Structure formats: structure tokens, C-alpha cells
Amino acid sequence: MNTAKYILFVYGTLKKNERAHDLLENSQCLGKGIIKGYKKIDMVYYPGIVVCENETVEGEVYIIDEETKRKVDVYEGEGYLFKCVDVDIYVNQEVLKGIVYEYIGHDEK
């Protein structure tokens, strides 16, 4: 049995009260957090994030298991629409090592 756990930062449709939050129904919420070095962009139906040196993105932080990660990978189009990347997440005066889904195909820095 795979018991891998991930710390996931979400900033759009996976957040509480958003349309895809049910994918995280069995996950523990650690609260609000921010990531640095990214900016949020609006792509009409959903947001994305892209690297941007002096920006920050606010969101929510969850502990997810391997099964939930697989579901989120499918939902996010991991590998062709978004890519899962390692990131430092700032939560309650702490820095946690986690993951976030970064938009692919946006070259503006």
C-alpha cells in the first residue's frame, strides 16, 4: 500500500467553495498560504500561475495522498496543460516543501 503524502498548494478551482474542491474531500486542510515567485493569470474558465520573480500568489494548503494526487493530475492535465512542480509554501510563519500546478505554455516572465 502506497502511503505517500504530498503538501499541495491550490489557488483556483480546487479551493473551498469552488467547482473542483470535491477532489480534495478526503484531504486535510492546513489553512491559507502563499507562494513566492509566481503570479496568477486568468484564463477565463480557470486560473493558472506562471513564474514571475517579484510576485506572490495566495491560496490554500492541503495534505493529499497518492490517490488524490493521481486524480488532481488528471484534473489539471498534468504534463500538457499544467505541470506539477516543487515549491516553498509559506503557512503560518512556516515554510513547507510542497507542490503546485504551474501553467505550461506561457513565456512571459
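In which strand does Lys32 lie? Lys32 belongs to strand β2, and it is where we start this set of close-ups of a predicted model.

**View 1. Lys32, out on strand β2.**
Is Lys32 buried or exposed? Lys32 counts as exposed because its relative accessibility is 67%, and the cut-off for that label is over 50%. Even so, Lys32 has company: leaving out neighbours within four places in sequence, Lys32 is in contact with Gly59, Glu60, Val61, Tyr90 and Val91. Now look for Glu53. Lys32 and Glu53 sit 21 residues apart in sequence, and their C-alpha atoms are 21 Å apart in space.

**View 2. His21, in the loop between β1 and β2.**
Here we move to the loop that runs between β1 (5–10) and β2 (28–42), where His21 is found. His21 counts as buried, since its relative accessibility is 19% and buried means under 20%. What does the side chain of His21 reach? At 3.5 Å, it reaches the backbone nitrogen of Lys16. Skipping neighbours within four places in sequence, His21 touches Thr13, Leu14, Lys15, Lys16 and Tyr62.

**View 3. Glu76, a buried charge without a salt bridge.**
Glu76 has its place in helix α1, which covers residues 66–76. Side chains of opposite charge can pair when their charged atoms come close. So how far away is the nearest side chain of opposite charge to Glu76? That side chain is Arg19, and it is 9.0 Å away. A salt bridge needs the nitrogen and oxygen within 4 Å, and Glu76, though buried, has none. Its contacts, not counting residues up to four places away in sequence, are Leu14, Leu81, Phe82 and Tyr101.

**View 4. The largest pocket, with Glu76 among the residues nearest its centre.**
Keep Glu76 in sight for this one. The largest pocket has a volume of about 220 Å³. How many residues line it? The lining is made by 18 residues, and those nearest the centre are Thr13, Tyr46, Tyr75, Glu76 and Phe82. At least two lining residues come from each of β1, α1 and β5 (94–103). Helix α1 gives the most, with 3 residues.

**View 5. Salt bridges along helix α1, from Glu67 to Lys71 and from Asp73 to Lys69.**
The whole structure holds 4 salt bridges, and this view takes in two pairs. In the Glu67 and Lys71 pair, the closest N and O atoms are 3.4 Å apart. Glu67 and Lys71 are 4 residues apart in helix α1, which means about one helical turn separates them. Glu67 is partly exposed at 44% relative accessibility, and Lys71 is partly exposed too, at 40%. For Asp73 and Lys69, the closest N and O atoms are 3.1 Å apart. Asp73 and Lys69 are also 4 residues apart in helix α1, so about one helical turn lies between them. Are Asp73 and Lys69 buried or exposed? Both are buried.

**View 6. Glu102 and Lys83, a salt bridge between strands.**
In this salt bridge, Glu102 and Lys83 bring their closest N and O atoms to 3.8 Å. The pair links distant parts of the chain, with Glu102 in strand β5 and Lys83 in strand β4 (residues 82–91), 19 residues apart. Glu102 is buried because its relative accessible area is 10%, while Lys83 counts as partly exposed at 35%.

Methods: Residues are numbered from 1 along each chain as its sequence is written. This is a predicted model: local features need pLDDT of at least 70, side-chain atom pairs count only at pLDDT 80 or more; totals for chains, interfaces and linings use all residues. Side-chain values use heavy atoms; hydrogens and water are left out. Buried means under 20% relative accessible area, exposed over 50%, partly exposed in between (1.4 Å probe, protein chains only). Lys and Arg count as positive and Asp and Glu as negative; His and the chain ends are not counted. Contact means heavy atoms within 4.5 Å. A polar contact is a pair of N or O atoms within 3.5 Å; within protein, one must be able to donate a hydrogen and the other to accept it, and residues adjacent in sequence count only if both atoms are side-chain atoms. On a 1 Å grid over the protein atoms alone, a cavity is a set of points where a 1.4 Å probe fits but cannot get out, and a pocket is an open set with protein on both sides within 12 Å along at least five of seven lines; lining residues have an atom within 4 Å of a point. Grid points are joined across faces, edges and corners, and a volume is the space filled by probe spheres set on the points.
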